[in-house]
Amino acid sequence: MTPVMKRWIACLAPWMVLASAANAAKLEPVSVQLTYNTPSATEAFRVGDQCYITPKLAKSWDWNVSILGEEMQIAAEGRLFRVPTLREDGKFLMSLTDAARYLGAIAEWDGKTYRVLGRIRNVEITDAGLQVDSTVKVKPRYFRLATPDRYIIDFLGGRMDVPEDLTLPAWWRVGQYDPNTARIVLEHPAAIAIPTGKIDQTRQFILPLPAIARTAPDKITGPITPAVEVGKKVENPSIILALPEVANDYNAGTLISIKASTKLEQAPAIKYIDPTQLQVSMPKAAFKEMVSRNMGDSRWVNSFSTSSDGANAILTFQTKRALAFSAATSGNMINIRLFVPSSSGTLNGKVVVIDPGHGGKDGGAHSNGFSEKNLTLTISQAVRDALAPTGASVIMTRDSDVYPSLPARAQIANDSKAAVFVSIHINSINKADSRSGGMTFYHQQDPEDRLLAECIQSEIAKVSRIPDLGTWSDRRIYQSGFSVLRNSKVPSVLIELGFINHKNDRAQMTQKDFADRVAKAIVKGIQIFLGDQ
Amino acid sequence: MGISKNRNALALGIIAIGTASLAGLGIYASNSKANTTKPNVEQAAAPQTSNVDVTVTPDDERDQTTTLTPNLDGEDLKFDKEKKTPPAGVEPMAWTVDQYLRTLTSVPKEAHVLGVSVDNFIATVDFSKEIEAGYGTTDEQTLVNGVLTVMSQFKDVNAVKFTVEGKPIDTFGNIDLSEPQRVLKMPED
């Protein structure tokens, strides 16, 4: 309706104007995801940063809602509380944001979806077994995965938020599988003996454990693994894959071949689950056998397992050290090369170039009085200090508030024949508080850069207390990538530790011990890359 | 490391010098245009007090341009499009880029486009000095890729050269801007 038409109608029918004024209130329709419940695409609205819902939606979750004029009384999750009523557009709405606060839930916007999750505050091993406490009901399910044998307990609708000083035996790990699912992993041969299944939603979960799960297994490997669930078969696969075989095994790597039933049109997708675990997925394909076994003939690969996620054939390799990879298809063969990076061995005597991002005339990202160039210098100096005991010689591209050009920074790495080049940055995004997390960039598809990024990012994620956004190719940002990564000829990465204009990331990055914690993680990541452990 | 990392520094230098001189010509051309055939809005409103001969095309006869707003809801940068008619008497390319700058919180309000000139399919977009404000990676990507996408709608523009007050710049933080950057495809409707 144009403004001119509105004026005409105003003269003729004043009561219609009232109706149109009410319509003018801005309620932006959004989706709501309450824990494990099916997301609702209706009955929810965004007003400013708050999410409002209709009592009808709340009732669909078995919340008891009574409208008491300006307030609504809500009985939910064994608690009774009141939230203000919003009357808008002829609707009575309640603030889900306020309700989530009363319930102690995690509440967050993810684009046009408002997510409310149970905050998992406690995970402990008691005499009764494994005990997990959440503020809001979550839905547990448990299953087993192979290679290595482990037992997975997922909490649908939960967010892991346990204290930093949580003490669990080392063969127990906690983490987040995806934004809506918290995960606990028991990596132990005894995992085979624990039954699997689902139990009803609950705020307190207790799983009785066989006695052996309380004692340490022989070997403990990698961090929490977001692996696929075994057993979902691909419907009518058009390609049948034989089990992988070692085609060539040599001092610096191994070549693995997989024979397919037909000529292959596309290469498989490969990603790291962690630096010593690689996952290969091949669409519309299935392995003829689902197995989990040792890779006897290889110096570099411990074991592999074949499985499926319902859409792809999945092959997982467990390697003896962090390896770079490349893959190609030729006729009906998939060839995967796993190899030791060109820089390897101990850090002692090697050159490491640390590049504190920006500097001098270029302040980089800035927010709330903090400047990227100052934070990156402080963190880089902490990395230099953390490298000192290893015997590496460290070159800083800058050690004060000056601006070396981007090509000059890469040139330092090339001229010094550095083992690795690590550029340290802090991110910023157009809308404050809209994105949180850290990632590490590698150049284009460079396999060694990618491995280094994986090694460093997975160590940073363990200590930074900032969400882990994983590793990214710099091609996702620019076709030409980043100048420092493109121009350096040694293994090189660019770390974005977090968003300076997100309040949580900023609070973490400006804490006193942040630089030391992250510096140690970066050094550890470099050592994993080099095989110096 | 891969072959893609090897670059010829000499060739780069020649391109930089070449485009610097082109940029200089471009600024000269756009300044002289401002005094003759492209008056600003005030001059257009009072043509009798100006000694410049002015013709103003009515709104509905002027070409519309596509303006962009960054959309960062997903992990990767996208854009929302809108058709708008540039005001009478302004240079449409510069105006459209300026419209984009105004959607970016990281770009200071004072930063604006001084002029755009096109030569041999390369557009030189010249910014005022305030544009060099310091950017985090995602903000730099939003600025650079937004300008490269906005410019793709104009005929005869295949690449964009970024300059500040007539001088070529190397980067806004991470990207190598010493060479003209190929324009990026407009999102489809």
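1. In this predicted model, strand β5(A) is joined by 5 bridges to strand β6 (residues 71–76) of chain A, and the two run antiparallel. Within this pair, N64(A) stands opposite A75(A) in β6(A).

2. Strands β5(A) and β6(A) belong to an open sheet of 7 strands in chain A, whose order is β1-β3-β4-β8-β7-β6-β5 and whose pairing is antiparallel. At the edges of this sheet are β1 (28–29) and β5 (64–68) of chain A, each of which pairs on one side only.

3. A helix also accompanies these strands: α4 (residues 96–103) of chain A lies across β4 (50–53), β6, β7 (79–88) and β8 (91–95) of chain A, and its course is at about 35° to β8(A).

4. A further open sheet in chain A has 6 strands in the order β32-β29-β33-β36-β34-β35, and here the pairing is mixed. Its edge strands are β32 (393–396) and β35 (468–473) of chain A, each pairing on one side only. On average, and with direction ignored, neighbouring strands of this sheet are turned by 20° against each other.

5. Within the sheet of mixed pairing, strand β29 (residues 351–356) of chain A pairs with β32(A) in the parallel sense over 4 bridges, and I354(A) stands opposite M396(A) in β32(A). Helix α6 (residues 406–415) of chain A packs on this sheet, where it touches β29, β32, β33 (420–427) and β36 (492–499) of chain A, while the direction of helix α6(A) makes about 170° with that of β29(A).

6. For chain A as a whole, the model contains 10 helices and 36 strands. Of the 533 residues in chain A, 45% are buried. When contacts in chain A between residues at least 6 apart in sequence are considered, 67% of them join residues at least 24 apart.

7. Which residues make up the meeting of the two chains, and how many does each contribute? Chain B places 25 residues in contact with 31 residues of chain A. On the side of chain B that touches chain A, the element that gives the most is helix α4 (residues 137–150) of chain B, with 5 residues. By class, that side of chain B comprises 13 polar residues, together with 6 nonpolar and 6 charged ones.

Note on methods: Residues numbered from 1 in each chain as written. Chains lettered and ligands numbered in written order. Predicted model: local features only at pLDDT ≥ 70, side-chain atom pairs only at ≥ 80, totals over all residues. Contact = placed C-beta atoms within 7 Å. Nonpolar A, V, L, I, M, F, W, Y, C, P; charged D, E, K, R; others polar. Pairing = 2+ DSSP bridges. Axes fitted to C-alpha atoms, helices over the stretch in contact; angles between N-to-C directions. Buried ≥ 20, exposed ≤ 12 C-beta atoms within 10 Å, placed from the backbone.
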